Amino acid sequence: MKKLWRFCQSWEGAIGSTILIVVVIMASIATIVRPGDPQAIVGPSLIPAFINGSWPLGTDRLGRDVLSNLLHGAQVTLLIAFMAAAATFSIGIIVGTVSGFMGGKIDEILMRFAEAFQTIPSFILALAIVGVLGSSTFSIVIGIMVGSWAGLARVLRAEILSIREREFVEADRAVGMHPVKIAFYEILPAALPAVLSMASIIIANAILIEAALSFLGLGDPNHVSWGKMIAEGRTVLRSAPYLSLIPGIAIVITVFAVNLIGDGIIEALNERQNLWRYDT
């Protein structure tokens, strides 16, 4: 509770959380504010933003409601980002915990395996996997996870290496506790705070990768997303720049909010307080 209170007190955590909550609420009320198919043609094409009350953010070149696409696109973008983060943490935690706790040959094999994945840029990995598996939400999540788990595993492994020799771990071994229980029920909870701040990096990276894949036409064709909106707006960028600017600004604001939350988590987990004292 003390760390949660410290997170709420930090301006990064407060502002970032507020912005992200607003984005999540927007995504949640999409079907209420703009029910129906967001890809449906609802009016004349290329109505500028902030001109017509029926379509506050205007319409695209096919006459589709930009606001409806923005709200429904938030659902897809956030869903993929959080699913990819959950998958990344699941794999990264398992590999990092096993590697750090077991050590020896298992540690060597797992870390060399992780290094192999880290030598390839995460976007290139995601691009290759989506290209092989096809354009779908599942393949995008897998692609993002494959390119992100190695860094998390290595950070967690380093933290577990420093914890596994502590007295409480030796006491657990002395009483005959099973190694799996020691690793995942005793050591892992103590190591998790060190990697929690990486959640913001993983989520922000997932948002950007999904947007880039959709921009290249590799997003899920059955759903609208912010990256897909930017791609469709580039064909009329000079005459209707709002079609790309609006989803682009949404991505920037969301990633900015997630990064602020990460900074707030780091500050909350930092036990050392910086005290400035001036001697006279």
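Among contacts in the protein chain between residues at least 6 apart in sequence, what percentage join residues at least 24 apart? The figure is 71%. Keep in mind as you read on that this is a predicted model.

## The chain as a whole

Let's start with the big picture. The protein chain has 12 helices and zero strands, so reading from the N terminus the elements simply go α-α-α-α-α-α-α-α-α-α-α-α. Along the principal axes, the C-alpha atoms fill a box of roughly 75 × 60 × 35 Å.

Of the 280 residues in the protein chain, 45% are buried. The chain exposes about 14,700 Å², and 67% of that comes from carbon and sulfur atoms.

## A nonpolar patch on the surface

Now for the outside. Ile21, Ile25, Ile29, Ile32 and Val33 make up a nonpolar patch on the surface, and together they have about 440 Å² of accessible area. Two helices each supply at least two residues of this patch: H2 (11-28) and H3 (30-33).

Take isoleucine 25 as an example from the patch. This residue sits in helix H2. Is isoleucine 25 buried or partly exposed? Its relative accessibility is 45%, so it counts as partly exposed; the partly exposed range runs between 20% and 50%.

## Arginine 34 and its partners

Next stop is arginine 34, in the loop between H3 and helix H4 (66-102). Despite being an arginine in a loop, this residue counts as buried because its relative accessibility is 18%, and the cut-off for buried is under 20%. The side chain of arginine 34 makes a polar contact of 2.5 Å with the side chain of aspartate 65.

Which residues does arginine 34 contact, once neighbours within four places in sequence are set aside? They are Ile29, Ser54, Trp55, Pro56, Asp65, Leu67, Ser68, Leu71 and His72. One of them, Ile29, also belongs to the nonpolar patch.

## Histidine 72 on helix H4

Histidine 72 belongs to helix H4 and, with 9% relative accessibility, counts as buried. A polar atom of the histidine 72 side chain lies 2.9 Å from the backbone oxygen of arginine 34. So arginine 34 uses its side chain to meet aspartate 65, while its backbone oxygen is the atom paired with histidine 72.

Leaving out residues up to four places away in sequence, histidine 72 touches Ala30, Thr31, Arg34, Gly36, Pro38 and Val224.

## Helix H10

How far apart are the end C-alpha atoms of helix H10? They are 26 Å apart, which agrees with the 26 Å span that its 18 residues (198-215) should have at 1.5 Å a residue. The expected span uses one less than the number of residues.

H10 is mostly covered, with 13 of its 18 residues buried. After H10 comes glycine 217, which has a positive phi near 85°.

## Leucine 260 on helix H12

Last up is leucine 260, found in helix H12 (residues 242-269). This leucine counts as buried because its relative accessibility is 5%. Not counting residues up to four places away in sequence, leucine 260 touches Trp11, Glu12, Gly13, Ile15 and Gly16, and these contacts bring H12 up against H2 (11-28).

What separates leucine 260 from alanine 116 in space? Their C-alpha atoms are 30 Å apart, and the two residues are 144 residues apart along the chain.

How values were computed: Residues numbered from 1 in each chain as written. Predicted model: local features only at pLDDT ≥ 70, side-chain atom pairs only at ≥ 80, totals over all residues. Heavy atoms only, no water. Patch = residues over 30% accessible without salt bridge, like charges linked within 9 Å, V, L, I, M, F, W, Y side chains within 5 Å. Areas by Shrake-Rupley, 256 points an atom, 1.4 Å probe, with all protein chains shown as cover. Salt bridge = Lys/Arg side-chain N within 4 Å of Asp/Glu carboxyl O. Helix = DSSP H or I, 4+ residues; strand = E, 2+ residues; numbered from the N terminus. Buried < 20%, exposed > 50% of the residue type's maximum accessible area, 1.4 Å probe, protein only. Contact = heavy atoms within 4.5 Å. Polar contact = N/O pair within 3.5 Å; in protein donor to acceptor, adjacent residues only side chain to side chain.
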